[in-house]
Amino acid sequence: MGMATSFLPVWIVMFPMVMTLVIFYVEHHSEKMRNALAVATSVVTFLSVLVLYPYIMAGSIIEYNMFQLLPNLGISFRVDILGFSLALLSSFVWMLVTIYSIDYMCKEHGCNRYYPVLIFTLASCMGIFMAGDLFTLFVFFELMSLISYVLVVHEESVEALRAGYKYLIMTIIGGLALFFGIIITFELAGSVSLGGPALITETSSLAFFAFISFLIGFGMKAGMFPLHVWLPDAHPVAPSPASALLSGIMLKTGAYGLLRVIFHVFGLELMQQSGWMVILAAVAIITILLGSAVAITQDDLKRRLAYSSVGQMGYILLGMSIMTERALIGDIFHIFSHALMKSTLFLAAGAIILKTGKRSIRELGGIGRQMPFTMTGFTLAALAMIGIPPFNGFLSKWTLSLGALDAGLPFYVLLLLFSSLLSGLYYLPIIIAAFFGPELGAEHEYVKINEAPYKMLIPIAILAVTSLLFGLLPINLPFDLSRMAAKYLLKGDF
Amino acid sequence: MSAATHLPALVIVVPLFFAYLMPLFARWREGWSTVTALGVLAFSFAGSLVMAWQVMAYGPFSYQMGNWPPPWGIELYIDYLAVFAALTMTGVGLIILVYASKDLPHELKPHLLGWYYTLYLLLMASMVGMALTNDIFNLFVFVEICAIAACGIISIKGSGECLEAAFKYLVLSALGSGCLLLAIALIYMVTGHLNFTFIAQALPEAMRLYPNNILAALALLLVGIGVKAALFPLHVWLPDAHSSAPSPSSAVLSGLVIKIYAVALLRLLYQVFPASLFEVTPVMTILLWMSTLAIVVGSMFAIVQEDIKKMLAYSSVAQIGYVFLGFALLDVSALMGGILHIFNHAMMKAMLFLAAGAFIYSTGVRKLSDLVGIGRTMPIPTIAFTIGAMAMVGIPLTNGFISKWYLVLGAIHGEQPFFAGVILLSSLLNGIYYLPIVVNAFFSEPHGAVAEPKRLPPQMQVPLAVLGFACLLFGVAPSLIMGLVSRASQALFGL
């Protein structure tokens with residue numbers, strides 16, 4: 001492994017950052033150029049992550065220390081199998097979403113703000129997954145959270161600004177909690193670097209404070225009850241491609257942070273001894289039930305999707321708290337599945353809103369006949385969400401359930417089943433009405449609704465098909481990656 | 001003897017001397033006073049830099065005024081804390097003065113310009129003097145010069161509001177000076193010395209003989225300096241004074257003047273009074289709670305303000321609490337955080353006040369609710385304001401994060417995690433009152449005067465850019481200043 005490889009993480013993070021500036025400069029001259037550069041940046045970033053594949057698969061861990069801020073505190077990068085998997089997933093979804101944005105955003109205002117922010121958020125997201133220490137993770141986490149505020153309030157409506165304010169305050173609370181957790185870790189361990197042996201080795205009240213702080217900080221981002229309050233407001237008001245990223249990718253950074261904290265800061269042993277996981281399990285169960293139950297009552301399509309995200313993030317949090325190998329595999333695989341499914345759903349919802357201007361589910365009767373491709377994509381992802389067999393959502397729930405049984409917790413399996421039933425309750429009516437329902441309002445004003453442009457359809461199609469493929473194929477890259485990542489977290493090797 | 005050996009005296013005396021020439025220069029040729037004042041301050045800044053280099057390379061040294069050895073003569077003692085304070089004051093002071101050169105003609109009557117520079121240089125000279133002196137009576141003299149000059153630059157606009165605020169300041173500050181003088185008299189009475197080093201040597205013995213005198217002196221000192229540094233609940237004069245003064249004055253008052261008193265108190269508490277004193281009296285505990293209240297109450301008052309400069313002024317009340325919290329936690333890390341925050345807050349708050357001044361200069365608007373959309377019409381001041389707001393909240397990669405890091409680390413290390421919680425709570429409160437301004441500035445449509453601002457001259461834009469850059473630079477590379485800060489705090493702990 002040469003110097004060039006160890007520099008790759010820096011490149012992957014810095015390249016989009018630099019391109020942000022370039023786009024910022026170019027956009028005043030040519031819109032076409034701006035869009036092309038944004039797409040090119042996301043493609044190059046994805047390919048750069050892909051270059052790491054052989055090295056990661058060979059079991060090597062890529063490390064790079066950038067600079068020291070204070071003694072034992074600095075910006076460093078470290079890519080292991082878990083970070084790589086999520087970076088690959090994120091850059092892939094990001095690439096598709098950027099392509100989708102071109103046609104979606106062409107009628108929107110403020111594109112000159114949207115694209116630089118989109119690319120900068122990509123950079124900080126990559127930084128989170130490739131961080132070599134808690135401090136770097138924190139820096140990029142804060143950057144991503146603060147910058148994505150601009151995406152949330154993009155519409156600049158009163159509603160958006162109010163949701164944005166909520167988001168901002170929660171972000172600050174989360175950031176401060178993380179800061180507190182990190183500083184306690186630093187005080188107890190003298191270092192915050194990830195990947196070595198567990199940093200905190202003894203239970204103490206300070207260590208417990210740290211655990212709670214991390215839980216608040218990362219849980220806030222992951223939409224964990226009771227800190228999820230910002231999510232159902234912030235995700236729907238953003239433009240749909242941004243919602244797809246917020247729900248599909250950025251929520252996962254919270255889950256990722258928690259995984260790092262559990263396995264690298266505290267370590268498996270301490271977690272099992274202390275029994276602190278009960279707290280996480282309890283809030284995860286509430287999160288699942290609450291998210292799914294509230295989603296049923298929502299009439300706004302994007303709000304329903306947002307609440308569904310809350311419920312699904314509950315699965316991921318629950319999977320973490322079980323701490324058996326299969327549960328962890330299912331957990332990480334669900335991060336993949338949910339990212340793919342939820343971005344499909346949001347992108348499809350975006351296409352519908354763009355073409356019809358309707359957001360209310362009651363008005364979406366017959367839409368499947370008018371926009372067959374979009375709704376097929378939506379249907380595939382929704383079925384995967386419910387957990388119907390050939391889809392990836394089924395595979396993740398199956399593995400999670402096996403993991404729960406390994407740990408002797410059959411109650412969790414029932415919970416997963418029940419929540420799947422709830423998912424069915426809120427997804428199936430949309431699909432049925434879309435394909436078989438009457439067209440509401442059609443008798444007054446019949447407007448011919450066209451299918452969305454192909455630059456929007458292709459990303460939806462690719463994402464929808466992945467939901468199917470990654471549940472069906474025998475050679476399943478995300479599943480393999482999840483298996484290796486879980487093994488790596490538990491045993492330090494794969 | 002080369003001039004370099006007299007540098008410690010020169011950095012004080014040169015601005016003091018030129019201060020009185022300023023009205024003459026102003027009368028002589030238009031604009032000369034500006035250039036001279038800038039040159040004089042640049043000299044002081046360069047001198048402080050050289051002294052900083054000397055101290056870092058060869059260790060602290062002392063300078064005897066007129067070659068009279070202490071305890072009779074006045075001694076300047078140039079140690080890490082002294083050069084740190086001198087650098088902060090002259091550096092930030094210089095940047096503010098550049099800004100003032102364009103803002104003042106807008107705010108003041110033309111014949112007052114020269115006098116303003118007189119007051120400004122006097123203020124600077126007295127602050128550098130307070131930083132360097134090792135003599136308690138000399139300290140008092142500088143405190144008086146500083147108080148009167150500060151009063152002058154508040155009242156110079158001559159509006160009713162300014163005069164009222166200046167009068168309030170004058171009365172309270174005179175009260176503080178009185179306390180200080182009494183404290184000095186009490187100390188002189190029991191020790192027979194005015195030089196810090198000699199007082200420190202004589203105090204343990206005097207403590208045994210006259211404990212009440214020393215306790216009274218300590219109490220008077222705390223109140224005297226507390227008033228001047230606007231430590232809660234002695235802060236009542238600050239919001240009026242800092243908000244009604246011309247913007248460069250506000251920047252220098254909030255950014256620098258209240259800090260230099262904190263430095264003076266730090267030196268007296270850690271270097272002059274014996275450590276055994278703190279075992280019999282809970283001074284540090286009192287200071288700890290006063291600063292906690294300052295942090296929480298100051299932030300809460302700031303939330304409800306409508307006027308941008310008043311809000312910034314209340315924020316200063318809270319921020320000076322951080323500095324004192326760092327002193328009072330009795331932990332090296334916390335002390336480093338406190339000292340570093342003097343520097344960081346000087347830059348942040350100066351930048352915020354200058355940005356507010358830029359808004360007022362270009363649009364005449366100072367109500368927060370009317371400043372919506374300003375980010376679209378005045379990007380540079382608003383971006384500076386945003387960086388300042390981020391630094392106030394303590395977002396990583398800004399300088400505010402670094403001081404917060406050390407303060408919280410110190411609180412946890414000193415096993416007082418409650419105060420770590422206080423700092424976090426206050427960061428949240430900072431977020432609540434700073435971020436909506438930033439958000440409204442960028443994400444709302446501008447109306448009225450905000451929509452068509454007057455063009456901002458480059459002399460006012462460049463200082464904002466420089467300070468904004470510095471806030472980020474010292475957030476990314478804090479080691480530039482940490483060497484000095486950590487040695488200063490280690491020296492105070494006798495490590």
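**Notebook: chains A and B**

I started with the small sheet in chain B: strand β1 (residues 61-64) and β2(B) run antiparallel and share four bridges. Pairing here needs at least two bridges found by DSSP between the two strands. Strands are DSSP runs of E of at least two residues, helices are runs of H or I of at least four, and both are numbered from the N terminus.

A note on what I'm looking at: this is a predicted model, where local features need pLDDT of at least 70 and side-chain atom pairs count only at pLDDT 80 or more, while totals for chains, interfaces and linings use all residues. Residues are numbered from 1 along each chain as its sequence is written, and chains are lettered from A and ligands numbered from 1 in the order in which they are written.

**The β1/β2 corner of chain B**

I looked up the partner of B:S62 and found B:Y77 of β2(B) opposite. Then I checked whether the faces of β2(B), residues 75-78, are covered. B:E75 and B:Y77 on one side are buried, and so are B:L76 and B:I78 on the other. My cut-offs: buried is 20 or more other C-beta atoms within 10 Å of the residue's own, exposed is 12 or fewer, partly exposed is in between, with C-beta atoms placed from the backbone. In a regular strand, side chains alternate between the two faces of the sheet.

Next I went to B:G73, in the loop between β1 and β2 of chain B. B:G73 counts as partly exposed because 13 other C-beta atoms lie within 10 Å. Leaving out residues up to four places away in sequence, B:G73 touches B:Q64, B:M65, B:G66 and B:W68. Contact means C-beta atoms, placed from the backbone, within 7 Å. I also checked B:G73 against B:V257: 184 residues apart in sequence, 27 Å apart in space, C-alpha to C-alpha.

**Chain B as a whole**

I got 21 helices and two strands for chain B. Its C-alpha atoms fill a box of roughly 70 × 55 × 45 Å along the principal axes. The radius of gyration is 21 Å, which agrees with the value near 23 Å for a compact globule of 495 residues. That radius is taken over C-alpha atoms, and the globule rule is 2.2 Å times the number of residues to the power 0.38. I have 60% of the 495 residues down as buried. Among contacts in chain B with a separation of 6 or more, 80% join residues 24 or more positions apart.

**Two domains in chain B**

Chain B splits into domain 1 (1-275) and domain 2 (282-495), with bounds from an automatic or database domain assignment. Their centres, over C-alpha atoms, are 22 Å apart. Where they meet, 43 residues of domain 1 contact 46 residues of domain 2. On the domain 1 side, α10(B) gives the largest share, 15 residues. That side divides into 28 nonpolar, eleven polar and four charged residues. Ala, Val, Leu, Ile, Met, Phe, Trp, Tyr, Cys and Pro count as nonpolar, Asp, Glu, Lys and Arg as charged, and the others, Gly among them, as polar.

**Chain A**

Last, I looked at where chain A meets chain B: 19 residues from chain A and 20 residues from chain B are involved. On the chain A side, α7(A) gives the most, with twelve residues. By class, I count 16 nonpolar, no polar and three charged residues there.

I also checked helix α4 (residues 81-104) of chain A. 23 of the 24 residues of α4(A) are buried, so the rest of the structure largely encloses this helix.

Notes
Two residues are in contact if their C-beta atoms, placed from the backbone, lie within 7 Å.
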